[in-house]
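Okay, thanks for squeezing me in, everyone. Let me put the structure up and walk you through a few things I've been looking at.

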Amino acid sequence: MLLFKRPWWLLPGLILSGLLFVAAPSAEPSKIASLAKARHEAAVKQYDETWAYYQQARIDSYQVYVWSRLVLDCRRDMTQKGADHLKALEEHLGRMKKLQALITRVRRLGFSRSYDVGSAEYYRLEAEFWLEKERLAAN
């Protein structure tokens, strides 16, 4: 009768079954980290290629922005640290400033499209906004 009123014998069984699930090692974090690194490297490679193509007037400035943004997203996904996010945003801002400077120089020479000037300004301002927002959140 006491056996059914207080099932004390269930407690060790529940603890043991819980330990079996927790003790199983998982390879997921290392796989995620390696995928994140490979994704970042692919994004950087493609950004470098689009930057070179843009300098040769083979593609639009928007593609340079998109790949810089993808590099930024990859960097953010690779870490949870606020300082690393700030560094990634600073690098993105640097790329957008470089793009804006090139567009401004080319436009002064009479080449390039006029809408690229406004687009580049927006890309830079967006990057500055994100950076300031992250800095405020870190404090």
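Let's start with Arg75, which is buried, at 18% relative accessible area. Keep in mind that this is a predicted model. The cut-off for buried is under 20%, so Arg75 at 18% falls on the buried side.

So what does Arg75 pair with in a salt bridge? Its partner is Glu91, and the closest N and O atoms are 2.4 Å apart. Arg75 belongs to helix α4 and Glu91 to helix α5, so this bridge ties together parts that are 16 residues apart in sequence. Glu91 itself has a relative accessible area of 28%, which makes it partly exposed.

Glu91 has another salt bridge, this one to Lys87, with 3.5 Å between the closest N and O atoms. Those two are four residues apart in helix α5, so about one helical turn separates them. Lys87 comes out at 44% relative accessibility, so partly exposed. Put the shared partners together and you get one network made of Arg75, Lys87 and Glu91.

Okay, zooming out to the two helices. α4 covers residues 61–78 and α5 covers residues 82–108. How do they pack, and at what angle? The angle is about 170°, and the axes are 9 Å apart. Anything over 145 degrees counts as roughly antiparallel, and that is why α4 is roughly antiparallel to α5.

Who's at the contact? From α4 you've got, among them, Val64, Tyr65, Val71, Leu72 and Arg75, and they meet a set in α5 including Leu89, Glu91, His92, Met96, Leu99 and Ile103. Sorted by class, that contact has nine nonpolar, four polar and seven charged residues. And notice that the network members are in there: Arg75 on the α4 side, Lys87 and Glu91 on the α5 side.

Staying with α4 for a second. Its buried residues are Ser61, Val64, Tyr65, Ser68, Val71, Leu72, Cys74 and Arg75. As a sanity check on the helix, I looked at length: with 18 residues at 1.5 Å a residue, α4 should span 26 Å, and its end C-alpha atoms are 26 Å apart, so that agrees.

Now for a residue in α4 with some surface showing, take Tyr62. Tyr62 is partly exposed, with a relative accessible area of 46%. Where does Tyr123 sit relative to Tyr62? They're 61 residues apart in sequence, and C-alpha to C-alpha they're 9.2 Å apart in space.

Back to salt bridges. How many does the structure hold? Six. One more I want to show you is Asp77 with Arg39, where the side chains meet at 2.9 Å, N to O. This pair links distant parts of the chain, with Asp77 in α4 and Arg39 in helix α3, which is residues 28–55, and they're 38 residues apart. Arg39 is at 40% relative accessibility, so call that one partly exposed.

Last stop is the loop between α3 and α4, where we find Ala57. Ala57 isn't a glycine, yet its phi is positive, near 60°. Most non-glycine residues have a negative phi. As for surface, Ala57 is exposed, with a relative accessible area of 68%.

That's my tour. Happy to scroll back to any of it.

Note on methods
Residues numbered from 1 in each chain as written. Predicted model: local features only at pLDDT ≥ 70, side-chain atom pairs only at ≥ 80, totals over all residues. Heavy atoms only, no water. Axes fitted to C-alpha atoms, helices over the stretch in contact; angles between N-to-C directions. Parallel < 35°, antiparallel > 145°, perpendicular 65-115°, else oblique. Contact = heavy atoms within 4.5 Å. Nonpolar A, V, L, I, M, F, W, Y, C, P; charged D, E, K, R; others polar. Expected span 1.5 Å × (residues − 1). Buried < 20%, exposed > 50% of the residue type's maximum accessible area, 1.4 Å probe, protein only. Salt bridge = Lys/Arg side-chain N within 4 Å of Asp/Glu carboxyl O.
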